[in-house]
Amino acid sequence: MTHVPAHPRSPVPSPPAPDSDRRADLTRRSGPGRREVLRRAAAVAGGAVLLGAVDLTRPHSARAVTAPHIYTRAEWGARPPTSPATIIKAPDHLIVHHMAFPNSTDYSLAHAFQLSRDCQDLHMDTNGWSDTGQQLTISRGGYVMEGRNRSIEAIGKGANVLGAQCANENGHTLGIENEGTYITELPPAALWNSLVQTLAWLCDIYGLSPSTAIVGHRDYNSTTQCPGDALYAQLPRLRSEVAGTLGLASAARAEAPVRRSGLPAPRTLGDHGPAVGAAERRP
């Protein structure tokens, strides 16, 4: 498939070293007793956004969570949105998506920035949205980037922005797009490790339990295969690794076998399934 025309690239800084079988319960809020959402100040250092750690009361001993290195919209050369994103309440679920883009073998930072620009072009020019739909994007090289405008600002306040990534559920969820298509293949290690780190950081900020908060797109919208049969089969392992990163007790999990779901696969570039519900405000 042909990518949409690219914008001129912004200067590329030196990259850092790249580092279900069970459906989640979507009817209840995550986190013991819905602990008070923690507010954090965002510090921008060298263009990368790092949100500092604070104490979080947990049912088990916790360890300090390292914030991911998030590249800003200015760094990847985002277009201005047609309207600013709305800051909303903290999410109660974190949705894992596959982007339904090719499984590129270009793991460079320059490619990651181009990916974000191509995704934004698709969402604005083809879907007619005001901006990129998801809050965060992770490339196959493991680079984490801000998606929708004001996402980093909102996360720094313990809040969220209204996105366009999961139909009828955008008002209470945060979406992470993972570059690639994971129907039969698994993400490369760099992407997986960044996803674990990013989810642990978000669970720490919002006081969420990985075992109930981390879900796949198909858990809410059953007309999509997203995040792909192969990646969806690894969600139990993902929750376990995130819990381990947080210092929470978790059972070790091996890779699960892929089960063919029969759910619809992507039909076009970027088609990860329903992103905006009929009753939801045009994003």
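Okay, let me start with a pocket: the lining of the second largest one is made up of six nonpolar, seven polar and three charged residues. Before I go on, a reminder that what you have on screen is a predicted model. The volume of that second largest pocket comes to about 220 Å³. Which residues are closest to its centre? Of the 16 lining residues, those are Leu122, Asn127, Gly270, Asp271 and His272. If you ask which element gives the most to the lining, α2 does, with three residues.

Let me zoom out for a second. We've got eight helices and 10 strands here, in a protein of 283 residues, 57% of them buried. The accessible surface is about 11600 Å², and carbon and sulfur atoms account for 54% of that.

Now, salt bridges. How many does the structure hold? Seven, and I'll walk you through some of them.

Take Asp131 and Arg73, whose side chains meet with N to O at 2.9 Å. These two come from distant parts of the chain, 58 residues apart. Asp131 is in the loop between α2, residues 109-126, and β6, residues 136-138, while Arg73 belongs to helix α1, which covers residues 73-76. Buried or exposed, this pair? Both Asp131 and Arg73 are buried.

Next, have a look around Glu153. One salt bridge there is with Arg150, where the closest N and O atoms are 3.1 Å apart. Another is with Lys157, and there the closest N and O atoms are 3.0 Å apart. How accessible are these residues? Glu153 has 32% relative accessibility, so it counts as partly exposed. Arg150 is partly exposed too, at 30%, and Lys157, with a relative accessible area of 37%, is also partly exposed. While we're on shared partners, there is a network elsewhere in the list: salt bridges join Arg79, Asp121 and Asp125 into one.

On to a helix, α4, residues 189-206. Its 18 residues reach 26 Å from the first C-alpha to the last, close to the 26 Å you'd expect at 1.5 Å a residue. Why call α4 largely enclosed by the rest of the structure? Because 16 of its 18 residues are buried. And check the backbone just after α4: Gly207 has a positive phi of about 70°.

One more glycine before I stop, Gly141. You'll find Gly141 in the loop between β6 and β7, the latter being residues 144-146. Is Gly141 buried or exposed? Its relative accessibility is 4%, and the cut-off for buried is under 20%, so Gly141 counts as buried. What is the C-alpha separation between Gly141 and Asp106? It's 7.5 Å, for two residues that are 35 apart along the chain.

To recap, keep three places in mind when you open the model. There's the buried pair of Asp131 and Arg73, then Glu153 with its salt bridges to Arg150 and Lys157, and finally α4, with 16 of 18 residues buried. That's it from me.

Definitions and conventions. Residues numbered from 1 in each chain as written. Predicted model: local features only at pLDDT ≥ 70, side-chain atom pairs only at ≥ 80, totals over all residues. Heavy atoms only, no water. Salt bridge = Lys/Arg side-chain N within 4 Å of Asp/Glu carboxyl O. Helix = DSSP H or I, 4+ residues; strand = E, 2+ residues; numbered from the N terminus. Buried < 20%, exposed > 50% of the residue type's maximum accessible area, 1.4 Å probe, protein only. 1 Å grid on protein atoms, 1.4 Å probe; cavity = no way out; pocket = protein on both sides within 12 Å on 5 of 7 lines; lining within 4 Å. Points joined across faces, edges and corners; volume = space filled by probe spheres on them. Nonpolar A, V, L, I, M, F, W, Y, C, P; charged D, E, K, R; others polar. Expected span 1.5 Å × (residues − 1). Areas by Shrake-Rupley, 256 points an atom, 1.4 Å probe, with all protein chains shown as cover.
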